[in-house]
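Reader: I am new to this structure. Please show it to me, and then I will ask about the terms used for it.

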Amino acid sequence: MEKASTVLARGGAGGGRGGRSGRGGKSGSGNLEGLLRRGTEREGGGGREVLQLGGNDPAVLAAAMRLVLPFGYDEINLNCGCPAIETGGGDYGASLMRDADATARIVAAMVGEASRRGRGVPISIKCRVGIVERAEDFLTGNVPVEEANEQLFHGLESFARKCVGAGAEHVVVHAREAVMAGLSPRGNREAPPLRPDLAGRLARELDLSLGGGGAGASGRVAVTLNGGIASVAAAAEAMERWPALSGVQAGRWPLRRPTDMLAVDAAFYGSNNGSLALD
């Protein structure tokens, strides 16, 4: 199981205000360091801790890496999928999908900083299957589903491959398009149709083309599906349907039904430590 925290790294061209802030916290380096330290406090020494960074300037993200690496996170993730005002509105988050080459340069800067600091922490990205500027731009209506999926997959695969080529070891795909204007953050989590087949296909295609020569220590790039996973049964079904996936990710389901997590070990890891059979 993983826990995730988010920090916005602001600065540079198009970056908005200077300084850095932890999401939900007050600005200031002391408070930020406290948030970062709290993010790595582990109960019982288990689990994995992932820190997500948001930004659009390679130099600023490299500086953010220097700040966060000493805290010992297991993975650093670049936000390429959030269309909220504080990210997409300032050329952060999902807006990075507009320019795969620029995003790859950010990934390379993060990977380079981790390498220079002698830290083996993997760098990952979290993205959408694609972006549209307005809600009415969804690839639906008169466009057949198969054609829409093909168009989206071409862009998703190109974006992911460039980031992987820059050193990303893990791609998390929120299986919806992101709407950059005219739709609230909540609407962005609900209105765009789910397209999980695209994440499953990406996992398969990356696995086949890399042939064991991926960026990760395991010799392959991990692909994780996010979006629409609302039960242990749904998670298991996704893993069975798309076997090339490395895992699934859920956000609101554990918050709404936390006791469901008691069934995860039995369902996925063969452990029966008090697990419940929930679906």
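Reader: Why is M180 called buried?

Author: This is a predicted model, and the values are computed from it. M180 has a relative accessible area of 14%. Buried means under 20%, so M180 is buried.

Reader: Where does M180 lie?

Author: M180 is part of strand β6, which covers residues 170-181. From M180 to A94 the C-alpha distance is 7.9 Å, with their places 86 residues apart in sequence.

Reader: Why is R161 called partly exposed?

Author: Its relative accessible area is 31%. Buried needs under 20% and exposed needs over 50%. The value for R161 falls in between, so R161 is partly exposed.

Reader: Which residues does R161 contact, beyond its neighbours within four places in sequence?

Author: R161 is in contact with E205, L206 and S209. R161 itself belongs to helix α4, residues 145-165.

Reader: What makes R201 count as sitting over the ring of F153?

Author: The charged end of R201 is 3.9 Å from the ring centre. The distance limit is 6 Å, and the angle limit is 35 degrees from the ring normal. R201 is listed as sitting over the ring, so both limits are met.

Reader: How many residues are in the largest nonpolar core?

Author: That core has 58 residues. V171 and L202 are among those with the most contacts inside it. Helix α4 gives the largest share, seven residues.

Reader: Which residues does V171 touch, not counting residues up to four places away in sequence?

Author: V171 touches nine residues' worth of partners, including I125, A160, V164 and L202.

Conventions:
Residues numbered from 1 in each chain as written. Predicted model: local features only at pLDDT ≥ 70, side-chain atom pairs only at ≥ 80, totals over all residues. Heavy atoms only, no water. Helix = DSSP H or I, 4+ residues; strand = E, 2+ residues; numbered from the N terminus. Buried < 20%, exposed > 50% of the residue type's maximum accessible area, 1.4 Å probe, protein only. Contact = heavy atoms within 4.5 Å. Core = buried A, V, L, I, M, F, W, Y, C linked by side-chain atoms within 4.5 Å.
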